[in-house]
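Biologist: Please take one part of this model and go through it closely. I would like the nonpolar core, and then how the rest of the chain is arranged around that topic.

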Amino acid sequence: MMKLSHKGLLLALGILIGDQASKWWMMEHVMNPPQVISLTPFFNLVVAWNRGVSFGLFGSDSPYASWILSLIALVIVGFLVRWLWQVEKCHQAAAIGMIIGGALGNVVDRLLYGAVYDFIDIHVAGYHWPAFNVADSGITVGAIILVLDSLFAKSDNDNSDSTSETP
């Protein structure tokens, strides 16, 4: 039987490969030349280069920014891998694996291009959510799973025995 940590790392690898394959396909075949492709009234394909972190925060044209952001992401991935080795629930391993894979996918972009390639554009009533990619989706879904787990998981200290005496 495969350990949860190995399953998480396998999922991380899948997210990394899916992210890089989708970006390659978009750059080489779909968005060459760059354009806006409207697929539905709320979903477009676009070309966006993110030089910062989520939603373009901390964006910079400095030649060192991509290296610094990549280094920070790799340190975080190191902590996540350590955490992954300690998880006891399948959904936690999956969530951490998604975050690791997404973080590594965006690190590859930063090191190759100096920015992260985003191409998914969701919009409603003229408001556009910041463009994102498969890696960003993995990070977001993984983080949501971890937050929900921390909010709703039963603690080991929970006592469901209603017959206990109170002082």
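Modeller: The core comes first below, followed by a buried lysine, the sheet and the surface.

The model is predicted, and the protein chain in it has four helices and four strands. Read along the sequence, these elements follow the pattern α-β-β-α-α-β-β-α. Of the 167 residues, 34% count as buried.

The largest nonpolar core has twelve residues: Ala 12, Val 77, Leu 80, Leu 84, Val 87, Ala 93, Ala 95, Ile 96, Ile 99, Ile 100, Ala 103 and Leu 146. Two elements, α2 (65-84) and α3 (90-113), each give two or more residues to this core. Helix α3 supplies the largest share, six residues. In soluble globular proteins, nonpolar side chains tend to be buried together. One member to look at is Ala 93, which is in contact with Leu 4, Gly 8, Leu 84 and Val 87 once neighbours within four places in sequence are left aside. Another core, of eight residues, lies apart from the one that Ala 93 belongs to; Met 27, Tyr 117, Phe 119 and Ile 120 are among its residues.

Two of those residues, Tyr 117 and Phe 119, also appear among the contacts of Lys 23. Lys 23 is placed in helix α1. This lysine counts as buried because its relative accessibility is 0%, under the 20% limit. Leaving out residues up to four places away in sequence, Lys 23 touches Gly 105, Asn 106, Asp 109, Val 116, Tyr 117, Phe 119, Asn 133 and Ala 135. Trp 24 is also found in helix α1, which spans residues 4-30. Trp 24 is partly exposed, because its relative accessible area is 47%, between the limits of 20% and 50%. The C-alpha atoms of Trp 24 and Tyr 117 are separated by 9.6 Å, although these residues are 93 apart along the chain. For the protein chain as a whole, 67% of contacts between residues at least 6 apart in sequence join residues at least 24 apart.

The strands form an open sheet of four, in the order β1-β2-β3-β4, with antiparallel pairing. Its edge strands are β1 and β4 (127-128), each of which pairs on one side only. Strand β1 (residues 37-40) runs antiparallel to β2 (residues 43-50), and three bridges join them. These two strands form a hairpin with two residues between them. Within this pairing, Ile 37 has Leu 45 in β2 as its bridge partner. At the other edge, two bridges join β3 (residues 116-124) to β4, again antiparallel. There Val 124 stands opposite Tyr 127 in β4.

On the outside, the protein chain exposes about 10600 Å², and carbon and sulfur atoms supply 67% of that area. A nonpolar surface patch of about 530 Å² is made by Ile 144, Val 147, Leu 148, Leu 151 and Phe 152. One of these, Leu 148, lies in helix α4 (residues 134-152). Leu 148 is classed as partly exposed because its relative accessible area is 42%, which falls between 20% and 50%.

Definitions and conventions:
Residues are numbered from 1 along each chain as its sequence is written. This is a predicted model: local features need pLDDT of at least 70, side-chain atom pairs count only at pLDDT 80 or more; totals for chains, interfaces and linings use all residues. Side-chain values use heavy atoms; hydrogens and water are left out. A nonpolar core is a set of buried Ala, Val, Leu, Ile, Met, Phe, Trp, Tyr and Cys residues joined through side-chain atoms within 4.5 Å. Buried means under 20% relative accessible area, exposed over 50%, partly exposed in between (1.4 Å probe, protein chains only). Contact means heavy atoms within 4.5 Å. Two strands pair if DSSP finds at least two bridges between them. Accessible areas come from the Shrake-Rupley method with a 1.4 Å probe; for residues, only the protein chains shown count as cover. Patches are made of residues with over 30% relative accessible area and no salt bridge: like charges are joined within 9 Å, nonpolar side chains (Val, Leu, Ile, Met, Phe, Trp, Tyr) within 5 Å. A salt bridge is a side-chain nitrogen of Lys or Arg within 4 Å of a carboxyl oxygen of Asp or Glu.
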